[in-house]
Amino acid sequence: MDLALNGKVAVVTGASRGIGRAVALALAGEGTQVACIATSADRAQATATACTDLGVKSIAYGVDVSDSQAVHDLARTINEEFDGVDILVNNAGITRDGVFMRMKEDDWDRVMDVNLKGAFNFTHALTRGLLKRGGAGRIINMASVVGLAGNAGQANYAASKGGLVSMTKSLAKEFGSRGVTVNAIAPGFIETDMTGEVPESHREMMTSAIALGRAGTPDDVASGVVFLASAAGAYVTGQVLVIDGGMRL
Ligand code: NAP
């Protein structure tokens, strides 16, 4: 199958580690040039270097995805340095968990600002260019199964991910006539820094609820991104691809 990713340009937010790093490397492995974004360029540099080692152009950039002006300025730089962008992966995300009655306003705002507004900022800044790329543009938003089912102690995170799903469907309708697909991925329990602090007892309980009997890896999620970004995913839009090993069955 020809994925037709060779020579394309992708922007991957949250590319310093975890799922974003795996996504950047998987796309680079298919010949895609990658702009790797993290909170600072230093933090994304190792991923960019690893992508370059795979034979593609890759540059590390630093920005707070919630900072609208900074994201628009960076988008202009990326468009110039890569001569346009074909694929946007809105992956940067944070948690600030807590039971709702004790959740601080700042915990709500920060999670919404990074997870939801961050995706808005990058999509807003890059869509004009994506729409001009001859009908092969791709936007992929990293949601979560928590955004579909909710989760006690994660009202802010779940709301941000549910918002991403609704934004995905709306933009799929809005951009469909221009040939740009917009999809979301909803990972389940994936081994990264984000889930590293889950206590062992809770981890066992979660793993036992997964049909495949194990937590997912960042590469499991990256495979889904590659499919949706590729020519193979050209007729898929407005969808949520659940990658959870059968956790929600
Ligand atoms: P992670 O290991 O904690 O990595 C988070 C990434 O986001 C890092 O690259 C981080 O950059 C970046 N980031 C955080 N805040 C940022 C900001 N304000 N501006 C720019 N970059 C920022 O997380 P992960 O587990 O790989 O998760 C990646 C995505 O998948 C997230 O959206 C998460 O919600 C989602 N997800 C994860 C799981 C899971 O089980 N792990 C499940 C469902 C969904 P720095 O290194 O610079 O901090």
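**Exercise 1.** Determine in which sense β2 and β3 pair in this predicted model, and over how many bridges.

*Solution.* Step 1: locate strand β2 at residues 33–38 and β3 at residues 58–62. Step 2: compare their directions; the two strands pair in the parallel sense, over five bridges. Step 3: identify a bridge partner; A38 is matched with G62 in β3.

**Exercise 2.** Establish the strand order of the open sheet and state which strands lie at its edges.

*Solution.* Step 1: read across the seven strands, which gives β3-β2-β1-β4-β5-β6-β7 with parallel pairing. Step 2: look for strands that pair on one side only; these are β3 and β7, the latter spanning 240–243. Step 3: follow the twist, which averages 15° from one strand to the next.

**Exercise 3.** Describe the neighbours of β4 within the sheet and decide whether the residues on its two faces are buried or exposed.

*Solution.* Step 1: on the β1 side, three bridges join the parallel strands β1 and β4, and V12 stands opposite V89. Step 2: on the β5 side, four bridges join β4 to β5, again in parallel, and L88 faces I139 of β5. Step 3: assign the side chains to faces. In a regular strand, side chains alternate between the two faces of the sheet. In β4, I87 and V89 lie on one side, with L88 and N90 on the other. Step 4: apply the burial cut-off of under 20% relative accessible area; these four residues are all buried, and both faces of β4 are covered.

**Exercise 4.** Specify how helices α1 and α4 are placed against the sheet.

*Solution.* Step 1: α1 (residues 18–29) lies across β1, β2, β4, β5 and β6, and runs at about 170° to β1. Step 2: α4 packs on the sheet and touches β1, β2, β4 and β5, its direction making about 175° with that of β4.

**Exercise 5.** Locate F100, explain why it counts as exposed, and name the surface patch to which it contributes.

*Solution.* Step 1: F100 sits in the loop between β4 (87–90) and α4 (105–131). Step 2: F100 counts as exposed because its relative accessibility is 53%, and the cut-off is over 50%. Step 3: together with M101 and W108, F100 makes a nonpolar surface patch of about 390 Å².

**Exercise 6.** Examine the positive phi values of A4 and D83, and classify the exposure of each residue.

*Solution.* Step 1: recall the usual case. Most residues other than glycine have a negative phi. Step 2: A4, in the segment before β1, has a positive phi of about 55°; A4 is classed as partly exposed because its relative accessibility is 33%. Step 3: D83, in the loop between α3 (68–82) and β4, has a phi near 60°; D83 is exposed, with a relative accessible area of 64%.

Note on methods:
Residues are numbered from 1 along each chain as its sequence is written. This is a predicted model: local features need pLDDT of at least 70, side-chain atom pairs count only at pLDDT 80 or more; totals for chains, interfaces and linings use all residues. Side-chain values use heavy atoms; hydrogens and water are left out. Patches are made of residues with over 30% relative accessible area and no salt bridge: like charges are joined within 9 Å, nonpolar side chains (Val, Leu, Ile, Met, Phe, Trp, Tyr) within 5 Å. Accessible areas come from the Shrake-Rupley method with a 1.4 Å probe; for residues, only the protein chains shown count as cover. A salt bridge is a side-chain nitrogen of Lys or Arg within 4 Å of a carboxyl oxygen of Asp or Glu. Buried means under 20% relative accessible area, exposed over 50%, partly exposed in between (1.4 Å probe, protein chains only). Two strands pair if DSSP finds at least two bridges between them. Axes are lines fitted to C-alpha atoms, for helices over the stretch in contact, and angles run from 0 to 180 degrees between N-to-C directions. Contact means heavy atoms within 4.5 Å.
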